Amino acid sequence: WRGREGARYSTLVPSDEVTVNYRHGLPVITLMLPTRSERCQFTVKPVVTTVGAFLQDVQREDKGIERAEVFATDGSKVSDATLMEVLLMNDFKLVINNRACSVSPPVKDKMSSEHATEMEDIKSLVHRLFVALHLEDHQIRKERELLQKLDHLKGELLPLEQMKTKIMDSADAKTSRLLWVGLALMSTQGGALAWLTWWVYSWDIMEPVTYFITYGSAMAFYAYFVLTKQDYIYPHAKDRQFLHYFYRKSKKQHFNVEQYNKLKNDLAEVEESLRRLRQPLHLRLPIQEISDKD
């Protein structure tokens, strides 16, 4: 019989050389060790043990085994990551050194639906017990990882925060100066209109002038709405001008606003994850119950 890559093995060993029996629900594989010339039994856990782990146990039992592989009946090699439960569903060939053994696992009786349900309940209970016993260690390890990531993000944000503070102070100062300049211009305009009305001309002459000044102001406010899609509200206009100065100053100072926002979002996510992780540690409650209370 030829296996992978055309390798030729010795004559096929009779099927009784390797036998598979079930004891207490677990498969027991009995085979002849080539070096020790004695039969040895291997009890495997089909839902946990892989083909690779089984072959390692065989090689560990007989140090004279240099090669141990499993092939399907069509000659294709079975992956070491395949579970024994899957392997024992069909016939296969076990190759030890240069000897190939044909194995025909017995057909396992199908469990009743009630017994299957009981087994699923037992598996679920075992899983819950494992989680309960190892959850705290996992949370402590996860908390340590989050704290390290938190320190790293804070270290990256520190120089950006200092640069941002300087840029914000500069933008705020320019915005305040602009507001005071606007107040000064409006005061100058009011004084000039009063002077022209009472000392230079009469109200009959200045009334059309004030009308067109008012109409021009209304046109300016409407133009602001057309350009910004916002009403001219003083706090909003101030914030808009502040952002204009801020981004212009950031570009000059090479301050990466997108990187800063990303770091801030990552920091907020880490802090939120740390907060949620510490609550079940302190209260000894499952995470689901903490989420329900939130």
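**Sheets, cores and rings**

Trainee: Which residue in S5 is the bridge partner of Ala72?

Mentor: Helices (H or I, at least four residues) and strands (E, at least two) are DSSP runs, numbered from the N terminus. S4 and S5 run antiparallel and are joined by five bridges. In S5, Ala72 has as its bridge partner Phe92.

Trainee: At what pLDDT do side-chain atom pairs count in this predicted model?

Mentor: Residues are numbered from 1 along each chain as its sequence is written, and side-chain values use heavy atoms, with hydrogens and water left out. The model is predicted: totals for chains, interfaces and linings use all residues, local features need pLDDT of at least 70, and side-chain atom pairs count only at pLDDT 80 or more.

Trainee: Which strands stand at the edges of the open sheet that includes S5?

Mentor: Two strands pair if DSSP finds at least two bridges between them. Here three strands pair antiparallel, in the order S4-S5-S6. Two of them have a single partner strand each, so one side of each is left without a neighbour in the sheet; these are S4 and S6.

Trainee: By how many degrees are neighbouring strands turned against each other, on average, in the sheet S1-S2-S3?

Mentor: This sheet is also open, with antiparallel pairing. Its edge strands, S1 (19-23) and S3, each pair on one side only. Axes are lines fitted to C-alpha atoms, for helices over the stretch in contact, and angles run from 0 to 180 degrees between N-to-C directions. With direction ignored, the average turn between neighbouring strands is 30 degrees.

Trainee: Which residue of S3 does Val28 stand opposite?

Mentor: S2 and S3 pair in the antiparallel sense. Six bridges join them. The S3 residue opposite Val28 is Thr43.

Trainee: At about what angle does H1 run to S3?

Mentor: H1 lies across S4 and S5, at about 140 degrees to S4. H1 also lies across S2 and S3. Its angle to S3 is about 145 degrees.

Trainee: Which element gives the largest share of the largest nonpolar core?

Mentor: A nonpolar core is a set of buried Ala, Val, Leu, Ile, Met, Phe, Trp, Tyr and Cys residues joined through side-chain atoms within 4.5 Å. This one has 24 residues, and Leu31, Phe54, Val70 and Leu94 touch the most other members. Elements giving two or more residues include S2, S3 (38-43), H1 (51-61), S4 (68-72) and S5 (92-96). Four residues, the largest share, come from H1.

Trainee: How many residues does the other core hold?

Mentor: This core lies apart from the largest one. Its members include Leu150, Phe246, Val257 and Leu263. The count is 18 residues.

Trainee: Is Leu33 buried or exposed?

Mentor: Leu33 sits in S2 (residues 26-33). Leaving out residues up to four places away in sequence, Leu33 touches Glu38, Cys40, Glu61 and Asp62 (contact means heavy atoms within 4.5 Å). Buried means under 20% relative accessible area, exposed over 50%, partly exposed in between (1.4 Å probe, protein chains only). Because its relative accessible area is 0%, Leu33 is buried.

Trainee: What is the relative accessible area of Thr49?

Mentor: Thr49 lies in the loop between S3 and H1. Not counting residues up to four places away in sequence, Thr49 touches Val44, Phe54, Leu83 and Met84. Thr49 is buried, at a relative accessible area of 15%.

Trainee: How many aromatic pairs does the structure hold?

Mentor: Rings of Phe, Tyr and Trp (its six-membered ring) pair if their centres lie within 6.5 Å; planes under 30 degrees apart count as stacked, over 60 as edge-to-face and the rest as tilted. The number of pairs is eight.

Trainee: What is the angle between the planes of Phe246 and Phe255?

Mentor: Phe246 also pairs edge-to-face with Tyr247, at 5.7 Å centre to centre and 90 degrees between the planes. Phe246 is buried at 9% relative accessibility, whereas Tyr247 is partly exposed at 48%. Phe246 and Phe255 are edge-to-face too, 6.3 Å centre to centre, with a plane angle of 80 degrees.

Trainee: How many disulfides does a search of the whole structure find?

Mentor: A disulfide is a pair of cysteine sulfur atoms within 2.5 Å. Cys40 is buried at 13% relative accessibility, and Cys101 is buried at 6%. Across the whole structure, the number of disulfides found is zero.
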